[in-house]
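Reader: I would like to learn how to read a few features of a structure, one at a time. Could you give me the general idea for each and then turn to the case at hand?

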Amino acid sequence: MNEMIRIGNGYDVHALAEGLPLWLGGVRIESPVGCVAHSDGDVPIHALCDALLGALALGDIGKHFPDTSMEFKGIDSKVLLRRTMDLVSEAGYRAGNADITIAMQRPKLAPYILQMRETIAGIMGVTIDAVSVKATTTEKLGFVGRGEGCEAYAVVLLYRCQTA
Ligand code: MG
């Protein structure tokens, strides 16, 4: 890989169930429902990891961190993002910017957006203005609108390090 810049996109979805902790963007969200998952079910971080891996054509999160492995049972997804960033560095790239959209009917995520951006930017080694996190409902349509699940989309730009 010698391109100066590479782009990747990622998508993730998890079912929601009552009584589970809700982690989004590395932040614990006050919520009666949480994601059903092998890991902590952090949907936006999973989408972001897939975008980073996709930018480098390195496969997907399931290939690198299989949900059949006990190593990743209940794992903090921030650890997965950190490991994914290690792969980015090893390939000779750095993160430029990322843009993430979370689709969830409730709870309202606005109070948590800044903390998510700070958390993700810290792990990616970029400034907060390089990480966008947006939240939307789906106007009560579909599985997201019925509160059965939440989904996230991520796009990321990587650029080649001259020193790598
Ligand atoms: Mg996932």
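Reader: Let me begin with accessibility: does Glu148 count as buried, partly exposed or exposed, and at what relative accessibility?

Author: Please keep in mind throughout that this is a predicted model. Residues between 20% and 50% relative accessible area are called partly exposed, and Glu148, at 40% relative accessibility, therefore counts as partly exposed. Its salt-bridge partner is Arg146, and the closest N and O atoms of the two are 2.8 Å apart. Arg146 itself counts as exposed, because its relative accessibility is 55% and the cut-off for that class is over 50%.

Reader: How many salt bridges does the structure hold, and which residue does Arg83 meet in one of them?

Author: The general idea is that side chains of opposite charge can pair when their charged atoms come close. The structure holds 5 salt bridges, and in one of them the side chain of Arg83 meets that of Glu71, with 3.1 Å from N to O. Arg83 belongs to helix H3 (residues 77-90), whereas Glu71 sits in the loop between helix H2 (61-64) and H3, so this pair ties together parts that are 12 residues apart in sequence. Both partners are partly exposed, Arg83 with a relative accessible area of 33% and Glu71 at 48%.

Reader: Which residue forms a salt bridge with Asp99, and where in the chain do the two lie?

Author: The side chain of Asp99 meets that of Lys134 in a salt bridge of 2.7 Å, N to O. This pair links distant parts of the chain, since Asp99 is in strand S5 (residues 93-103) and Lys134 is in strand S6 (residues 131-136), 35 residues apart. Asp99 counts as partly exposed at 31% relative accessibility, and Lys134 counts as partly exposed at 35%.

Reader: What should I make of a charged residue such as Asp40, which has no salt bridge: how far away is the nearest side chain of opposite charge?

Author: A salt bridge requires the nitrogen and the carboxyl oxygen to be within 4 Å. Asp40 is buried, and the nearest side chain of opposite charge, Lys78, is 5.6 Å away. To see what does surround Asp40, begin with its place in the loop between strand S4 (33-35) and helix H1 (43-55). From there, the side chain of Asp40 makes a polar contact of 2.5 Å with the side chain of Ser77. When residues up to four places away in sequence are not counted, Asp40 touches Trp23, His46, Gly74, Ile75, Asp76 and Ser77.

Reader: A polar side chain can also be read against the backbone, so which backbone oxygen lies 2.7 Å from a polar atom of the side chain of Ser31?

Author: That oxygen belongs to Val33. Ser31 is placed in the loop between strand S3 (27-29) and S4, and, leaving aside neighbours within four places in sequence, Ser31 is in contact with Leu22 and Pro107.

Reader: Since Pro107 has come up, what kind of peptide bond joins Arg106 and Pro107?

Author: Most residues other than glycine have a negative phi, and most peptide bonds are trans. The bond that joins Arg106 and Pro107, however, is cis, with omega at about 0°, and Pro107 lies in the loop between S5 and helix H4 (113-124).

Reader: And how should I read phi in the same way: what is the value for Ala57, and what is it for Glu139?

Author: Ala57 has a positive phi of about 50° although it is not a glycine, and its place is in the loop between H1 and H2. Glu139, also a residue other than glycine, has a positive phi near 55° and is placed in the loop between S6 and H5. Ala57 is exposed, with a relative accessible area of 60%, and Glu139 counts as exposed at 66%.

Reader: Turning to the surface, which residues make the nonpolar surface patch of about 340 Å²?

Author: The patch is made by Tyr11, Val13, Phe143 and Tyr153. Residues enter a patch with over 30% relative accessible area, and Phe143, which is found in helix H5 (residues 142-145), is partly exposed with a relative accessible area of 31%.

Notes
Residues are numbered from 1 along each chain as its sequence is written. This is a predicted model: local features need pLDDT of at least 70, side-chain atom pairs count only at pLDDT 80 or more; totals for chains, interfaces and linings use all residues. Side-chain values use heavy atoms; hydrogens and water are left out. Helices (H or I, at least four residues) and strands (E, at least two) are DSSP runs, numbered from the N terminus. Buried means under 20% relative accessible area, exposed over 50%, partly exposed in between (1.4 Å probe, protein chains only). Lys and Arg count as positive and Asp and Glu as negative; His and the chain ends are not counted. A polar contact is a pair of N or O atoms within 3.5 Å; within protein, one must be able to donate a hydrogen and the other to accept it, and residues adjacent in sequence count only if both atoms are side-chain atoms. Contact means heavy atoms within 4.5 Å. Patches are made of residues with over 30% relative accessible area and no salt bridge: like charges are joined within 9 Å, nonpolar side chains (Val, Leu, Ile, Met, Phe, Trp, Tyr) within 5 Å. Accessible areas come from the Shrake-Rupley method with a 1.4 Å probe; for residues, only the protein chains shown count as cover.
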